[in-house]
Amino acid sequence: MPDSRSHRGLHPQDAELFSAPHLPALRTATEELSWLLGRGYAPLSSLKLVGDRHALRERQRDLVSRAACTDAQRLSRRATRLSPDAVRGADLFIDGFNLLITLEAALGGGLVFKARDGALRDLASVHGTYRAVEETDPALLLAGETLAEYGPASVTWLFDQPVSNSGRLVQRVRGLAETRGWPWEVRLSRNPDQDLMALPAGGIAVTTDSLILDHAPGGWLPLSELILSRLPPIFIHLDLSVPGA
């Protein structure tokens with residue numbers, strides 16, 4: 001059945017699955033999974049062990065999986081996280097779907113969460129096909145206005161070529177950039193993750209993808225968090241980060 005959604009917002013179960021009574025178990029499960037991963041245990045079997053122990057549902061397990069990380073990963077990712085001050089005059093490379101879908105989910109009233117490493121993530125997914133929603137253009141405008149304020153030397157958006165409709169999205173982003181006078185380069189890539197892990201000297205990755213954060217040579221900018229921190233709380237926000245670390 002084709003995807004007919006007009007929003008990328010709240011999943012029907014999320015208001016209950018991620019309500020206040022569930023937060024202690026989600027936080028504990030995230031810490032337990034992180035502990036196991038840090039000692040070399042297999043991710044899938046560790047997630048099953050922790051999920052079964054706390055009787056977590058599928059989406060709750062998905063969140064715990066995306067929120068967990070080892071202590072070494074947490075410290076390394078925190079160390080390479082950049083502030084807006086680092087952007088002026090720099091070359092930015094944006095993980096297009098990663099940024100756009102988080103913003104769409106939040107603007108649609110969906111769930112976003114701060115993971116253990118401090119990165120803001122979501123539970124949405126394109127499942128091999130991207131469909132623009134009502135929040136797509138507002139999300140792109142928010143990103144563009146924020147980037148214009150930060151003053152990078154260049155902005156390159158990378159979108160996954162294997163994802164269906166990604167070519168249409170590239171044209172949409174290019175058209176918006178031309179209308180607003182933003183000198184963006186927007187292109188398709190067969191493997192944006194690989195591209196973002198091999199950036200030229202001085203290149204900054206705009207992403208919250210765990211694999212990229214562990215390998216981005218020039219550091220990473222938490223642009224989705226910077227954008228959403230300026231907006232009213234129209235979305236569900238969970239904080240599973242480690243305070244003060």
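Analyst: Let's start with a term: a helix crossing is right-handed if the near helix is turned clockwise from the far one by less than a right angle. One thing to keep in mind is that this is a predicted model. In it, helix H7 (residues 136-150) passes helix H8 (residues 166-180) in just such a right-handed crossing.

User: Okay, and what makes H7 and H8 oblique to each other?

Analyst: Look at the angle. The axes of H7 and H8 cross at roughly 50° and come within 11 Å. Roughly parallel needs an angle under 35 degrees, and roughly perpendicular runs from 65 to 115. An angle of roughly 50° fits neither, so H7 and H8 are oblique to each other.

User: Which residues of H7 and H8 make the contact?

Analyst: From H7 you get Thr136, Asp137, Leu140, Leu141 and Glu145, and from H8 come Leu169, Arg172, Val173, Leu176 and Arg180. Sorted by class, that's five nonpolar, one polar and four charged residues.

User: Why are H2 and H3 called roughly antiparallel to each other?

Analyst: Here the angle is about 150°, between helix H2 (residues 23-38) and helix H3 (residues 43-53), and their axes are 10 Å apart. Anything over 145 degrees counts as roughly antiparallel, so H2 and H3 earn that label. H2 also passes H3 in a right-handed crossing.

User: Which residues in H2 and H3 meet?

Analyst: On the H2 side there are Ala29, Glu32, Leu33, Leu36 and Leu37, and on the H3 side Pro43, Ser46, Leu47, Leu49, Val50 and Arg53. By class, this contact has eight nonpolar, one polar and two charged residues.

User: How do you know whether Thr30 counts as buried or exposed?

Analyst: Compare its number with the cut-off. Thr30, which lies in H2, has a relative accessibility of 1%. Buried means under 20%, so Thr30 counts as buried. Leaving aside neighbours within four places in sequence, Thr30 is in contact with Val64, Ala67, Ala68, Arg116 and Leu240.

User: What makes Ser83 partly exposed?

Analyst: The relative accessible area of Ser83 is 36%. Buried would need under 20% and exposed would need over 50%, so Ser83 lands in between and is partly exposed. You'll find Ser83 in the loop between helix H5 (71-80) and strand S1.

User: And what makes Ser164 partly exposed?

Analyst: You can reason the same way here. Ser164 has a relative accessible area of 34%, and with the limits at 20% and 50%, that makes Ser164 partly exposed. Ser164 sits in the loop between strand S4 and H8. Not counting residues up to four places away in sequence, Ser164 touches Gly128, Thr129 and Tyr130.

User: Which residues have the most contacts inside the largest nonpolar core?

Analyst: Trp157 and Trp184, in a core of 39 residues. Several elements each supply at least two residues of this core, including S1 (91-95), S4 (154-160), H7 and H8. Helix H6 (96-107) gives the most, with six residues.

User: What does Trp157 touch?

Analyst: Quite a list, even without residues up to four places away in sequence: Ile94, Gly96, Leu99, Leu140, Ala143, Trp184, Glu185, Val186 and Arg187. There's also a second, separate core of 20 residues, with Ala29, Ala67, Ala68 and Ala115 among them.

Definitions and conventions
Residues are numbered from 1 along each chain as its sequence is written. This is a predicted model: local features need pLDDT of at least 70, side-chain atom pairs count only at pLDDT 80 or more; totals for chains, interfaces and linings use all residues. Side-chain values use heavy atoms; hydrogens and water are left out. Axes are lines fitted to C-alpha atoms, for helices over the stretch in contact, and angles run from 0 to 180 degrees between N-to-C directions. Helices (H or I, at least four residues) and strands (E, at least two) are DSSP runs, numbered from the N terminus. Contact means heavy atoms within 4.5 Å. Ala, Val, Leu, Ile, Met, Phe, Trp, Tyr, Cys and Pro count as nonpolar, Asp, Glu, Lys and Arg as charged, and the others, Gly among them, as polar. Buried means under 20% relative accessible area, exposed over 50%, partly exposed in between (1.4 Å probe, protein chains only). A nonpolar core is a set of buried Ala, Val, Leu, Ile, Met, Phe, Trp, Tyr and Cys residues joined through side-chain atoms within 4.5 Å.
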